[in-house]
Protein chains: 2
Amino acid sequence: MSGQGMNYRYSSMGALKDVRRETLHDALELTGAEVSINRMAAGASVPFLHSHKLNEEIYVFIKGRGVFQVDGEQFEVQEGSVVRVDPAGKRCIKAADDADLTYLCVQVTAGSLTQFTMTDGVVHEGAPVWK
Amino acid sequence: MSGQGMNYRYSSMGALKDVRRETLHDALELTGAEVSINRMAAGASVPFLHSHKLNEEIYVFIKGRGVFQVDGEQFEVQEGSVVRVDPAGKRCIKAADDADLTYLCVQVTAGSLTQFTMTDGVVHEGAPVWK
């Protein structure tokens with residue numbers, strides 16, 4: 001299912017167990033981020049180290065286990081792990097040998113957020129009506 | 001587990017089935033986004049409509065089912081659903097009566113992304129070494 005209105009657009013990736021890599025920037029016409037949902041097979045590794053020019057990356061691990069590397073240092077990740085990497089960090093990910101690894105990666109311009117939640121949100125009067 | 005280096009910081013929310021609401025901006029010292037992971041109990045609804053001043057929101061649903069409302073229009077969401085809402089959209093979410101609803105919400109400054117992935121990433125020579 002997908003659809004849109006003046007102020008929104010939605011789509012579906014299907015069940016997460018079947019996702020390999022989905023990117024949302026173009027699918028949802030995003031203007032402030034690229035978001036990808038990735039599932040690496042057990043034992044697989046991204047075959048290269050990469051950094052970024054302008055973008056901060058935020059990783060949210062939602063299933064499985066693996067190892068994260070930044071600038072030669074390594075730490076374990078699993079469901080519930082969250083990671084920020086600054087543009088200059090040389091990063092890579094490897095799935096554990098016995099478990100797929102599913103995670104979201106959010107790319108945003110470093111330093112671009114000026115306010116959020118309580119300082120950016122506006123609450124409107126009237127309870128929502130559910131049809 | 002949590003830790004940090006010159007170009008990164010990581011932490012853990014624990015198992016997603018036990019998360020109620022976790023926010024990453026302060027925990028990871030993010031500079032380009034706020035990211036929250038939310039789990040709404042079956043039948044629960046956010047009790048108000050809200051919009052934003054500057055921020056685009058991106059929702060990624062990772063478990064359960066529910067209904068999303070923007071500007072009075074409603075559509076169903078479930079595992080794998082993804083939604084962009086522009087700052088002005090008056091939005092709300094309700095979990096289905098018989099299923100918890102778990103989702104990520106990413107807040108970013110609308111219009112702030114100038115390049116991403118192939119145009120922002122830099123691949124470094126040499127395969128990653130796994131310890």
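**Entry 1: S36(B)**

I began with a term: a strand is a DSSP run of E with at least two residues, numbered from the N terminus. By that reading I placed S36(B) in strand β4 (residues 34-40) of chain B. I note at the outset that the model is predicted.

I asked whether S36(B) is buried or exposed. The relative accessible area of S36(B) is 5%, and the cut-off for buried is under 20%, so I recorded this residue as buried. I then looked up its side chain and found a polar contact, at 3.0 Å, with the side chain of N38(B). Setting aside neighbours within four places in sequence, I listed R21(B), E22(B), T23(B), Y103(B), L104(B) and C105(B) as the residues in contact with S36(B).

**Entry 2: E79(B)**

I located E79(B) in the loop that lies between β7 (73-78) and β8 (81-85) of chain B. With a relative accessible area of 29%, E79(B) is partly exposed. I compared its position with that of K63(B): the two are 16 residues apart in sequence, and their C-alpha atoms are 4.6 Å apart in space.

Which residues is E79(B) in contact with, leaving aside its neighbours within four places in sequence? From chain B I noted F61(B), I62(B), K63(B) and G64(B), and from chain A G14(A), A15(A), L16(A) and K17(A). For L16(A) I looked further: its backbone nitrogen lies 2.7 Å from a polar atom of the E79(B) side chain.

**Entry 3: relation of the two chains**

I next looked up how chain A is laid on chain B. A turn of 180 degrees with a shift of 0.0 Å along the axis does this, with an RMSD of 0.0 Å. That is the relation of a two-fold axis. In chain A, I found that S112(A) has the C-alpha nearest the axis, 3.2 Å from it. I also recorded that the same surface serves both copies, as 100% of the contact residues of chain A recur in chain B.

**Entry 4: the contact between the chains**

How many residues does the contact take from each chain? I noted 91 residues from chain A and 91 residues from chain B. The area buried between chain A and chain B is about 7,600 Å², and carbon and sulfur atoms give 57% of that area. Of the area that chain A buries against chain B, Y8(A), R84(A) and W130(A) supply 11%, more than any other three residues.

I looked for salt bridges between chain A and chain B, and the count is zero. For polar contact between the chains, I recorded 60 residue pairs, both residues at pLDDT 80 or more. Strand β6 (residues 55-70) of chain A gives the largest share of the side that touches chain B, nine residues.

**Entry 5: β5(B) and its partner**

I followed strand pairing across the two chains. β11(A) and β5(B) run antiparallel and are joined by four bridges. Within this pairing I found V123(A) opposite H50(B) in β5(B).

In a regular strand the side chains alternate between the two faces of the sheet. I checked strand β5 (residues 49-52) of chain B: L49(B) and S51(B) point one way, H50(B) and H52(B) point the other way, and all are buried.

**Entry 6: positive phi in chain A**

I closed with two residues that are not glycine. E29(A) has a positive phi of about 55 degrees, and its place is in the loop between α1 (25-28) and β4 (34-40) of chain A. At 46% relative accessibility, E29(A) is partly exposed. T117(A) has a positive phi of about 50 degrees and sits in the loop between β10 (101-109) and β11 (121-124) of chain A. I recorded T117(A) as partly exposed, at 26% relative accessibility.

Conventions. Residues are numbered from 1 along each chain as its sequence is written. Chains are lettered from A and ligands numbered from 1 in the order in which they are written. This is a predicted model: local features need pLDDT of at least 70, side-chain atom pairs count only at pLDDT 80 or more; totals for chains, interfaces and linings use all residues. Side-chain values use heavy atoms; hydrogens and water are left out. Buried means under 20% relative accessible area, exposed over 50%, partly exposed in between (1.4 Å probe, protein chains only). Copies are superposed by least squares on the C-alpha atoms of residues with pLDDT of at least 70 in both. Contact means heavy atoms within 4.5 Å. Two strands pair if DSSP finds at least two bridges between them. Buried area is the accessible area (1.4 Å probe) that two parts lose on being put together, summed over both. A salt bridge is a side-chain nitrogen of Lys or Arg within 4 Å of a carboxyl oxygen of Asp or Glu. A polar contact is a pair of N or O atoms within 3.5 Å; within protein, one must be able to donate a hydrogen and the other to accept it, and residues adjacent in sequence count only if both atoms are side-chain atoms.
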